[in-house]
Amino acid sequence: MGVLRILSHHGDDRVVWDQTAVDTSTEAQAAVREAERIFAEQRAHGATAVKVSPGRPAERIEKFDPYAEEIVMIPRVVGG
Amino acid sequence: MLPAAVYFVVTMIALIAVLRVVLMVLDRPALRARLWPWFRSRSWWPVPAERTAEALLRHMLPDHDYRGLCYNGYLDVPSPSIEGRTYRVPRGPGQVLVVESGQVMERLCLQPAAGGLPEADVVLMHKLLIESDERSYLLTANHFPRSIWY
């Protein structure tokens, strides 16, 4: 399953979709569209998107990847 | 016979003293780092955001890293680009230490613009940002010289 996690004061909000059925299932496509919308909205607010895969270092991404296993949206950060 | 008021005052002073000692012990970093994650991962913990964040951190970190974080109170994130450099991310308030060959070189301060992120999410945030884009992380963070006691 693909997961988009948004770090927030709620802990994390998430959208889940079946990444193996992205090309075939309308349900998966709807979930992907929702994830894509949230991704764009978060990016517009300055969030950083990071793709995470087990056993591999995190990778920053600029475009939504429906085949990613896990994407974490990190809210905008500033120097303290 | 002493009046009841004196007993009351003495009892209150004793209770306050005991409470202060308990709070002092709980506030020790090594104990604090072990105790709070345990509390937060319980189903009865009253702040769902902290419970969720703790679960996510546990899911994202390799076992030995999570155990190290609970034991030491900080997470060491190796620099992806500079050999021998480690970023020491504290759980809870504090600055990230840049450690090279066992020596603290400088301190970094970077935080979410909006605030309100649970402690566990902040640790995860530092780790992911360092791993995915160290250069931007360093450009965004405020740099401070190391403290004289390091």
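What percentage of the 150 residues of chain B count as buried? I would like to start there, and the answer is 29%, but please keep in mind throughout that what we are looking at is a predicted model.

Let me stay with chain B for a moment. Its secondary structure consists of six helices and five strands, and if you read along the sequence they follow the pattern α-α-α-α-β-β-β-β-α-α-β. For 150 residues, a compact globule would be expected to have a radius of gyration near 15 Å, whereas chain B comes out at 20 Å. Taken along the principal axes, the C-alpha atoms of this chain fill a box of roughly 75 × 40 × 30 Å. When we take the contacts in chain B with a separation of 6 or more, 50% of them are between residues 24 or more positions apart.

One element of chain B deserves a separate word, and that is helix α1, residues 4-26. From its first C-alpha to its last, this helix of 23 residues reaches 33 Å, close to the 33 Å expected at 1.5 Å a residue. It is also hardly covered, since the number of buried residues among its 23 residues is zero. As for where parts of the chain lie relative to one another, consider His59(B), which belongs to helix α3 of chain B, and Leu15(B): these two residues are 44 residues apart in sequence, and their C-alpha atoms are 40 Å apart in space. His59(B) counts as exposed because it has 12 C-beta neighbours inside 10 Å, and the cut-off for exposed is 12 or fewer.

Now to chain A, where the elements come to one helix and six strands, arranged along the sequence as β-β-α-β-β-β-β. Here the globule rule gives a value near 12 Å for 80 residues, and chain A, with a radius of gyration of 13 Å, agrees with it. The C-alpha trace of chain A spans about 45 × 30 × 20 Å along its principal axes. Of its 80 residues, 34% count as buried, and residues 24 or more positions apart make up 43% of the contacts in the chain with a separation of 6 or more.

Let me turn to how the two chains meet. The contact draws 28 residues from chain B and 21 residues from chain A. On the chain B side, α3 (48-60), β4 (103-112) and α5 (119-132) each supply at least two residues, and the largest share, eight residues, comes from α3(B). Sorted by class, that side of chain B has 17 nonpolar, six polar and five charged residues.

Which strands pair across the two chains? Strand β6 of chain A, residues 77-79, and β4(B) do so in the antiparallel sense, over three bridges. Within that pairing, Val77(A) has Pro112(B) as its bridge partner in β4(B). Gly79(A) also lies in strand β6 of chain A, and, leaving out residues up to four places away in sequence, it touches Cys109(B), Leu110(B), Thr140(B), Ala141(B) and Asn142(B). Even so, Gly79(A) is exposed, because there are 12 other C-beta atoms within 10 Å of its own.

The nonpolar core is the next topic. In general, nonpolar side chains in soluble globular proteins tend to be buried together. In this model the largest nonpolar core has 45 residues, and those that touch the most other members are Val72(A), Met73(A), Ile74(A), Val123(B), Leu124(B), Met125(B) and Leu128(B). The largest share of this core, eight residues, comes from α5(B). To take one member in detail, Ile74(A) is in contact, aside from its neighbours within four places in sequence, with Leu7(A), Ala47(A), Thr48(A) and Val50(A), and also with Met125(B), Leu128(B) and Leu129(B).

I will finish with a backbone detail at Ser101(B), which sits in the loop between β3 (96-100) and β4 of chain B. Most residues other than glycine have a negative phi. Ser101(B), which is not glycine, has a positive phi, near 50°. Is this residue buried or exposed? Ser101(B) counts as exposed, because it has 8 C-beta neighbours inside 10 Å.

Key
Residues are numbered from 1 along each chain as its sequence is written. Chains are lettered from A and ligands numbered from 1 in the order in which they are written. This is a predicted model: local features need pLDDT of at least 70, side-chain atom pairs count only at pLDDT 80 or more; totals for chains, interfaces and linings use all residues. Two residues are in contact if their C-beta atoms, placed from the backbone, lie within 7 Å. Helices (H or I, at least four residues) and strands (E, at least two) are DSSP runs, numbered from the N terminus. Ala, Val, Leu, Ile, Met, Phe, Trp, Tyr, Cys and Pro count as nonpolar, Asp, Glu, Lys and Arg as charged, and the others, Gly among them, as polar. Two strands pair if DSSP finds at least two bridges between them. A residue is buried if 20 or more other C-beta atoms lie within 10 Å of its own, exposed if 12 or fewer, and partly exposed in between; C-beta atoms are placed from the backbone. The expected span of a helix is 1.5 Å times one less than its number of residues. A nonpolar core is a set of buried Ala, Val, Leu, Ile, Met, Phe, Trp, Tyr and Cys residues joined through C-beta atoms within 7 Å. The radius of gyration is taken over C-alpha atoms; the globule rule is 2.2 Å times the number of residues to the power 0.38.
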